[in-house]
Amino acid sequence: MIYVRKAEQRGHAQHGWLDSWHTFSFAEYYDPEFMGFSALRVINEDVIAPGQGFGTHPHKDMEILTYVLSGTVEHQDSMGNKEQIPAGEFQIMSAGTGVRHSEYNASASEPLHLYQIWIIPQQAGVEPRYEQKKFDAPQGRQWVLTPDSREGSLKVWQDMTLSRWALTQGETGSLTLDSRRNYWVQVVKGDVTLNGESLSTSDALALHQESLLSLQADSAAEVLIFDLPTV
């Protein structure tokens, strides 16, 4: 099974200070056909106005990943972390037994563009934790999230992996898939052909019971590949 989720099909919310696109049902956007995908619960693409952001609010039993595309996030939480997350960095926060945090655009003049991704943990009630890291290889595939922190990746409390694949124009590649698992490919930037489907920036492809992912970069491109359990 292959399903294409085009960028313009997502839910959209415009709050003045926040322009947000929702891949799955979130806040006032509700679509019973898109409540999540395997352990993925939220993929929001947000543009936040200068100096604006999300005030202190709680989370519990959720793995929350932020990927900053441009600008800088100012993060503060109840664990004592007060950090800046610049463009190109990933941040993971395990909410576990409960955490409160705030996220703001650190710039007074430039917008902040990011992905926020929520992953349902395999285990509830873990101790809250925080990590951030830059994965900046100019091309090639890198692990970003794994359950065992392999090869310098960030840890996630779920039977899943996330890899980032950056490609130059004309580059091709393939991955062998486990047909028993679920895969979500999010196009961060560029134009790509995935298993014969043409996708562009912010489009996505879901795969289930497939054994191969073939990829061709029709321009310089970056994709995120989620390898997810059957739930």
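## A walk through a strand-rich model

Begin by selecting Gln84, which touches Thr72, Val73, Glu74, Ala106 and Gln132, leaving out residues up to four places away in sequence. As you look around, keep in mind that this is a predicted model. Gln84 sits in strand E8, residues 82-86. Is Gln84 buried or exposed? With a relative accessibility of 45%, Gln84 counts as partly exposed. Now add Glu103 to your selection: 19 residues separate Gln84 and Glu103 in sequence, and their C-alpha atoms are 9.6 Å apart in space.

**Zoom out to the whole chain**

Switch to a cartoon view. How many helices and strands does the chain have? There are 0 helices and 22 strands. The C-alpha atoms fill a box of roughly 45 × 40 × 35 Å along the principal axes. The radius of gyration is 17 Å, which agrees with the value near 17 Å that a compact globule of 231 residues would have. Of the 231 residues, 51% count as buried. Contacts also reach across the sequence: among those with a separation of 6 or more, 69% are between residues 24 or more positions apart.

**Into the largest core**

Next, select Leu40, Leu145, Trp184 and Phe226. The largest nonpolar core has 27 residues, and these four touch the most other members. To see where the core comes from, colour the strands that give it two or more residues: E4 (40-48), E6 (63-70), E9 (89-94), E11 (112-119), E13 (140-146), E17 (182-189), E20 (204-208) and E22 (221-228). Then select Leu175, Val185, Leu207 and Val223, which are among the 18 residues of a second, separate core. As background, nonpolar side chains in soluble globular proteins tend to be buried together.

**A buried threonine**

Go to Thr161, found in strand E15, residues 161-167. Thr161 counts as buried because its relative accessibility is 9%, below the 20% limit. Which residues is Thr161 in contact with, leaving aside its neighbours within four places in sequence? Show Trp143, Leu145, Thr146, Pro147, Arg150, Ile225, Phe226 and Asp227 to see them. Two of these names, Leu145 and Phe226, will be familiar from the largest core.

**The largest pocket**

Now turn on a surface and select Leu18, Phe26, Ala27, Asn44 and Phe54. These are the closest to the centre of the largest pocket, out of the 19 residues that line it. The space in this pocket comes to about 310 Å³. The elements that give two or more residues to the lining are strands E2 (11-14), E3 (18-22), E4, E5 (53-59), E10 (99-105) and E11. What kinds of residue make up the lining? They divide into 7 nonpolar, 9 polar and 3 charged.

**A stop on strand E5**

Select Gly55, which is in strand E5. Gly55 is partly exposed, with a relative accessible area of 30%. Not counting residues up to four places away in sequence, Gly55 touches His101, Ser102 and Tyr104. For a longer view, draw a line from Gly55 to Gln216: they are 161 residues apart in sequence, and 41 Å lies between their C-alpha atoms.

**Two backbone surprises**

Most residues other than glycine have a negative phi. With that in mind, select Asp61, in the loop between E5 and E6. Asp61 is not a glycine, yet its phi is positive, at about 50 degrees. Asp61 counts as partly exposed at 24% relative accessibility. Then move to Ser149, in the loop between E13 and strand E14 (154-155). Ser149 also has a positive phi without being a glycine, here about 55 degrees. At 31% relative accessibility, Ser149 counts as partly exposed.

**Last stop: an exposed glycine**

Finish at Gly196, in the loop between strand E18 (192-194) and strand E19 (197-199). Gly196 counts as exposed because its relative accessible area is 62%, above the 50% limit. How far apart are the C-alpha atoms of Gly196 and Gly80? Draw a line between them and you will find 47 Å, for two residues 116 positions apart along the chain.

Technical notes
Residues numbered from 1 in each chain as written. Predicted model: local features only at pLDDT ≥ 70, side-chain atom pairs only at ≥ 80, totals over all residues. Heavy atoms only, no water. Core = buried A, V, L, I, M, F, W, Y, C linked by side-chain atoms within 4.5 Å. Buried < 20%, exposed > 50% of the residue type's maximum accessible area, 1.4 Å probe, protein only. Helix = DSSP H or I, 4+ residues; strand = E, 2+ residues; numbered from the N terminus. 1 Å grid on protein atoms, 1.4 Å probe; cavity = no way out; pocket = protein on both sides within 12 Å on 5 of 7 lines; lining within 4 Å. Points joined across faces, edges and corners; volume = space filled by probe spheres on them. Nonpolar A, V, L, I, M, F, W, Y, C, P; charged D, E, K, R; others polar. Contact = heavy atoms within 4.5 Å. Rg over C-alpha atoms; globule rule 2.2 N^0.38 Å.
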